[in-house]
Amino acid sequence: MRRLLVILLVLGGIAIAAALLIPMLLTPENWRGEIERRASEQLGREVSIGGDIGLSILPAIQISAGDVSIGNADGFGEEAFAELSELRLGLALWPLFSNRVEVSEFVLVDPVIRLRQNARGNNWTFASADAPAPPPSDDNGGFRQPGALPIDGTFSNIRIENGAVSFSDGTETWEVSQLNISLQATDLDRDARLNGSFVLRGETISLNAGLGGLRPFMEGRQTPLTLEVRSAPLNMSFDGNALESGTFDLAGDASVEADIPGLARLAGEPLPPGSALRSAAASGRFTSIPGEMRFESARLRLDEVTATGGLTVRTGGERPFLTGQLVIPRLDLNPYMPEEEAGTAPSGGQSEWSTEEIDLAALRLVDADLRLSAGRLIFGDVEVTEADVRAQLTNGRLVADLSRFTLYGGSGSGQLVVNARGATPSYTLNARLQGLQTQPFLSAAADFSALRGLGNFTIDLTSSGASTAAIMRSLSGNGNLRLADGAIEGFNLARILRGVQTAITTRQLPQGFGPEEETDFSELGGSFTIRNGVLSNSDLSMLSPLLRVTGAGEFNLVEQSVDYRISPRAVASLAGQGGTPELNGIAVPVRIRGNFGNPSFSVDFEAVARELATGQARGLLDRILPGQRQGESEEEQEQSQPTPADLLRGLLDRQRRSGNDGND
């Protein structure tokens, strides 16, 4: 027994001596070259250690190295792929004998990592010099696989201190600085926490994440996951699960709040000056699988615009593809349209069309197929209600089909196409409306309020241009209008006709013009064409109990001016209205000129005098030839012209009747 005790004491002494002497005999400085060589072989890159190397075994393994550098891949320049001022590793010794890893410290101090990508590939894919080619990728595989974490242990005090990461692919460059990260995982099967912060383009971003276990996550099992990102331009949160899969699939409740100008700067794509975009927010049920993200039961907000519904984003194509269905109570587009330029109002108080370029770059960022239901859609002063829209966006070309909408009491349908694929955007609009209240619509759309009535309206327009002014200058198309039971404000045609004979003598406008005057009609209609922003009409027809009115002329939408001629004609006696029978059938041309807000009126007195003289001559013929014109309609009497034989026959008949009367 004593001999056995002596042997044990000797062995113990040898072990203690070994623990004390081996670190001194096997100094890492003696191994520097071998460590660099082995590390270079494993990474396939040149590894150098320029600082001190430290190693101790008892009571725990402690390894340190200073001024470590990992070379870059061929074709990516001479600058090192990664550098760090210090590396420290602390590892419990005795648990290693039971296949348990207990890391007490793993710290990277001042690491600098340079990620580069070009046509040849990237510099962050490592392979040893003699490593075989990697196997073909498995479409069903991923980094989360059973057995991916076969060890047991704890990971404490895993840190990156004051790190920096940069990325460049020749077109895009970004750099993260002041990177500080801490990972705690006291049990691989239980909660792990990650905390950190970094600076990107001048913005400090902090993040906190919780995982229900590193082992179940790495082995592809469903694992609880929480994530919070906080910064001035962007706040995000997620509370859900990493799903059972080989890839990083997620499902849970998510929310996002963003300051859009700040987020654009953070992404390296600042918004143009004067952009109206301010903030956005979203919340709902979020699901992410490879190539697809879904937002269901979502509540969305863009500035003052809110919406509910669902969205799906599919990636993998040339652009993200967005699909979904949204309900929008109120969509006001005015804040996102160019502002009217100051000091450009012509006479009458109207503002000229803006020459500021309309930014359509957003149409080229994504493709989409969205179905939208808007309670109120506001564009300029025009307000559309109960609009159902299908918006299809493909490579910068937007097709918006309005299957149903209500506009100032009328219902209709239409299609709007905005094509931003070329250097100059183009536009197409067609619409059909029934039961439209004309006055509020024209007042809102063109600042023209002199026409009211209930009617039907069709229009087909095309245009192109980068600004509102350019769009109006190139506007072309056609349409027609049919109104019932309305009025034209600004003049009373019946009153004008009653005073026109006196006006011929005085050469002054007859009474009947003024903002309080109006001409009622039972029907009004006509067609029009638009060419280079000028609307032309030549077939206006208006019916009222006393009048028939025709009209023709132009509305210059570019200059917002009118030059139009209407010709009212009395078709019933105005004698009881204060007029004279001679006015029946007489046309009184009235010319309307000026800008939309303040037009002027004038009467063509020469034409009226000629018409009146012709009417008086016809009255004389009626007395001369009463039998000749009996039974003819008014239109037939206007068109019929007596021949010399008719005149002679009439005179002889009158003389014969006079002679017979004398004989009697």
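These legends go with close-up views of a predicted model.

**View 1. The whole chain, before zooming in.** We start with 664 residues, of which 37% are buried. The chain has 31 strands along with 12 helices. Take the contacts between residues at least 6 apart in sequence: 50% of them join residues at least 24 apart. As for the outside, the chain exposes about 37,000 Å², and 55% of that comes from carbon and sulfur atoms.

**View 2. The hairpin made by S10 and S11.** Strand S10 covers residues 192-200 and strand S11 covers residues 203-211. The two run antiparallel, with nine bridges joining them. If you want a pair to look for, try Ala192, whose bridge partner in S11 is Leu211. Two residues sit between the strands of this hairpin. Arg201 is in the turn, and its phi is positive, at about 50°.

**View 3. S11 again, now with S12.** S11 also pairs with strand S12, which spans residues 223-230. This pairing is antiparallel too, and it runs over six bridges. Here you can pick out Gly210 standing opposite Thr226 of S12.

**View 4. A nonpolar patch on the surface.** Six side chains to find here are Leu55, Ile57, Leu58, Ile63, Trp94 and Phe97, which form the patch. Together they have about 610 Å² of accessible area. Trp94 belongs to the loop between strand S4 (82-92) and strand S5 (100-109). Why does Trp94 count as exposed? Its relative accessibility is 59%, and the cut-off for exposed is over 50%.

**View 5. The largest nonpolar core.** This core holds 95 residues. The members that touch the most others are Leu407, Leu451, Phe491, Leu493, Leu524 and Ile566. Strand S20 (residues 382-394) gives the core its largest share, six residues. There is also a second, separate core of 15 residues, with Val47, Ala82, Phe198 and Leu207 among them.

**View 6. Around Phe491.** Leave aside residues up to four places away in sequence, and see what Phe491 touches. Its contacts include the aromatic residues Phe513 and Phe601, plus Ile496, Ile566 and Ile592. Gly512 and Gly514 are also touched by Phe491, as are Glu517, Glu518 and Thr519. Ile566 may ring a bell: like Phe491, it is listed among the core residues that touch the most other members.

Technical notes:
Residues numbered from 1 in each chain as written. Predicted model: local features only at pLDDT ≥ 70, side-chain atom pairs only at ≥ 80, totals over all residues. Heavy atoms only, no water. Pairing = 2+ DSSP bridges. Helix = DSSP H or I, 4+ residues; strand = E, 2+ residues; numbered from the N terminus. Buried < 20%, exposed > 50% of the residue type's maximum accessible area, 1.4 Å probe, protein only. Contact = heavy atoms within 4.5 Å. Areas by Shrake-Rupley, 256 points an atom, 1.4 Å probe, with all protein chains shown as cover. Patch = residues over 30% accessible without salt bridge, like charges linked within 9 Å, V, L, I, M, F, W, Y side chains within 5 Å. Salt bridge = Lys/Arg side-chain N within 4 Å of Asp/Glu carboxyl O. Core = buried A, V, L, I, M, F, W, Y, C linked by side-chain atoms within 4.5 Å.
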